[in-house]
Amino acid sequence: MCDIKKSLDAGGNCILEMPSGTGKTVSLLSITVAYQMHYPEHRKIIYCSRTMSEIEKALLELEKLMDYRSKELGYIENFRGLGLTSRKNLCLHPTISKERKGIVVDEKCRRITNGQLKEKVNSGEADVEDLCSFHEKMYDIDPTNYVPPGIYPFEKLIDYCKTEGTCPYFTVRRMMQYCNIIIYSYHYLIDPKIAERVSKDLSGDSIVIFDEAHNIDNVCIESLSMDITDDVLKKATKAAESLNKKVEEVKKVDSQKLQDEYEKLVEGLRESNIVNPGEETFVANPVLSSDVLDEAIPGSIRRAEHFISFMKRLIEYLKTRMKVLHVIAETPTSFLQHLKQLTFIDRKPLRFCSERLSLLVRTLEVSDVEDYMALKDIATFASLVSTYENGFTLILEPFETENATVPNPILRLSCLDASIAIKPVFERFSSVIITSGTISPLDMYPKMLNFETVIQESYSMTLDRRSFLPMIVSKGSDQVAISSRFEIRNDPSVVRNYGTLVIEFSKTTPDGLVVFFPSYLYMESIISQWQTMGILDEVWKYKLILVETPDAQETSLALETYRKACSNGRGAVLFSVARGKVSEGIDFDHHYGRTVLMIGIPFQYTESRILKARLEFLRDNYQIRENDFLSFDAMRHAAQCLGRVLRGKDDYGVMVLADRRFSRRKGQLPKWIAQALLDADTNLSTDMAVASAKKFLRTSAQPIDPLDQESGVSVWTYEQLLQHQKKQQGKLGYEEENENGMDIDNDNDNDSNPGNNVDVDVAMEDANYNGNAADVDMKRVTVQ
């Protein structure tokens, strides 16, 4: 908390690694909210997380925190906290909310809430029932007060909006500038297609927090990368023909409409001048706002028919390029030169493709927008490839897999430089806090994202009781080394030893056991071998077996069954994959995960051409060696899997790293895991690991008195905290006196510098707040 306050005072960025399950979220929220409410400018807090469940969890923690603050302060503060998620999750419309695809929900929503339809209704050309009643009701309410002050988790927000008859999605969107805190996904701030629509009005002095940010570099890269397949090109051709027919129809019925659009473009007007304020367009510009050309749309694509023929030429060129039978890797500059030689298409009109398509769809008042999604992808690709030269590569792969004989080409435009997408965030906001439980080594992120930090800190576990047991198992009971290295991963003795490890921990672990594999391919391979060896039949005697698959619905069902089996005493083992859904956003608290078993080190597939290109880029531009990055990436995902076992201060569990290579890489584990890993536990055989786990689980399962758990130096009374603070300030004054050679009145110094002491009563008592506890002891403060 002190480090966060220091970085906020200094107005810089910081990277903090905090142990999982020890109140990381509530610590972040309590200090930033106390800081915000103490100073009169009330800097807005933008809290970004990854998944819907994590955003919901942060909102619930915030609600408990504000209840605690109001109880301690004796009055309810004028404070608003809202969370934003997709239209699909918030829509109340009776028919649109039943759509399964998020893209379809988005487009249908835009169609019934845009200004064009409203104008038609006012002029009598359309029926008022075509409009969304929930959206229309919002015009009758004061825009600054769509929801009264308070914290609104998604369920509470939807219930309130149902009662009022308003739209939850637009309520949050329009209330963002009046909120004290907004909690939403990374993409709303990083992805230029979304950020320009959602986050452009947020002030530059806001405090930005990226929680669970260990994957932030991948999020940045994905926001500026895209793939084009044969199927996309076929659909885009159909869409272009359909758009051409629409133009011909409009010419016969109302040619003035197209002429008006053309004249506006001739005048040099851009989309922002033509579209009504607040109206969302069909294609959001995929390029960062600082890289958009501030010029008129080129004459060659101003007329609708000219633009459609231009797009057809581009699609045909892409089809021709994808007929090759060997891999091609090239830079955007090389691609554009070849494109110009064959089709005479210049770079400049390509930069305006997204904007021009968006305007044309708006002018033609196209209703079946989902039919044009492939054309939208081609326009997005054209805008990106023509805007960026450095930090991007184009890779054309003719076959889906290496051994395939039937061509299934895919053209990948891949961003290699994560700093491009996040650069506007660091330029615009003065304080950015990046935090996660597994973000080691800390110095890798400032290099990859190209930014300066005020503070970089990794914290150790502060719990008095030993709550988890990390172990490295390097050999089986027969002393044969175990590893997922490619050369030996399918060796029968290695597979059998891994199977024995799973059997032994299935016997030893009460309730839930989670096993992580490096990839789906390896998991399928090893499970099929275990089946023939009879290992799965042995595991089945002790636990139910469930498997994570790439299908989200199947995985959700498996998780539900897993939890049920853990709760009713049958016990279960869940086979899952590092980098999958289970390893990232799912918590296995208490009996749902007493042991996590990591089989092998989850390295990326090193033969991936995109990965090779990125490694080369990192080496040439940021002096990050290939092995360093691959090892860092694998260890952060392994640590993320291990962190699933510990989700609170009264939780406990066993962490097993089953690969001999972990012994050499224990220094790359997060500080809080590395400190708990004893030297004696870094080279264990299966039977030694099982003996240690039995002893630990037996000890940890004993009932404990909550007051015993709070013994030791990790817990101070409120009075002790104040004494400690005075002592610290006294030391500071003494050091200054020695430096300056003059007397300083410490007491006066403390009073005259309120920046060093943010409302101790509030900030320190906030530290005491525990989101998991029903009752809060006012006089006890956990010092993180």
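**Exercise 1. Find which residue of strand 9 stands opposite Ala-329, and place the pair in its sheet.**

Solution. Ala-329 faces Ile-395 in strand 9, where a strand is a DSSP run of E with at least two residues, numbered from the N terminus, and a helix is such a run of H or I with at least four. The model is predicted, so local features need pLDDT of at least 70 and side-chain atom pairs pLDDT 80 or more, while totals for chains, interfaces and linings use all residues. Residues are numbered from 1 along each chain as its sequence is written, and side-chain values use heavy atoms, without hydrogens and water.

Next, strand 8 and strand 9 (residues 392-397) run antiparallel and are joined by three bridges; two strands pair if DSSP finds at least two bridges between them. The open sheet has four strands in the order 7-10-9-8, with antiparallel pairing. Its edge strands, each pairing on one side only, are strand 7 (226-229) and strand 8 (328-330).

**Exercise 2. Decide whether Thr-508 is buried or exposed, and list what surrounds this residue.**

Solution. Begin with the location: Thr-508 is found in helix 22 (residues 492-508). The relative accessible area of Thr-508 is 14%, so this residue is buried (under 20% is buried, over 50% exposed, and in between partly exposed, with a 1.4 Å probe and protein chains only). Finally, apart from neighbours within four places in sequence, Thr-508 is in contact with Val-690, Lys-694 and Leu-697, contact being heavy atoms within 4.5 Å.
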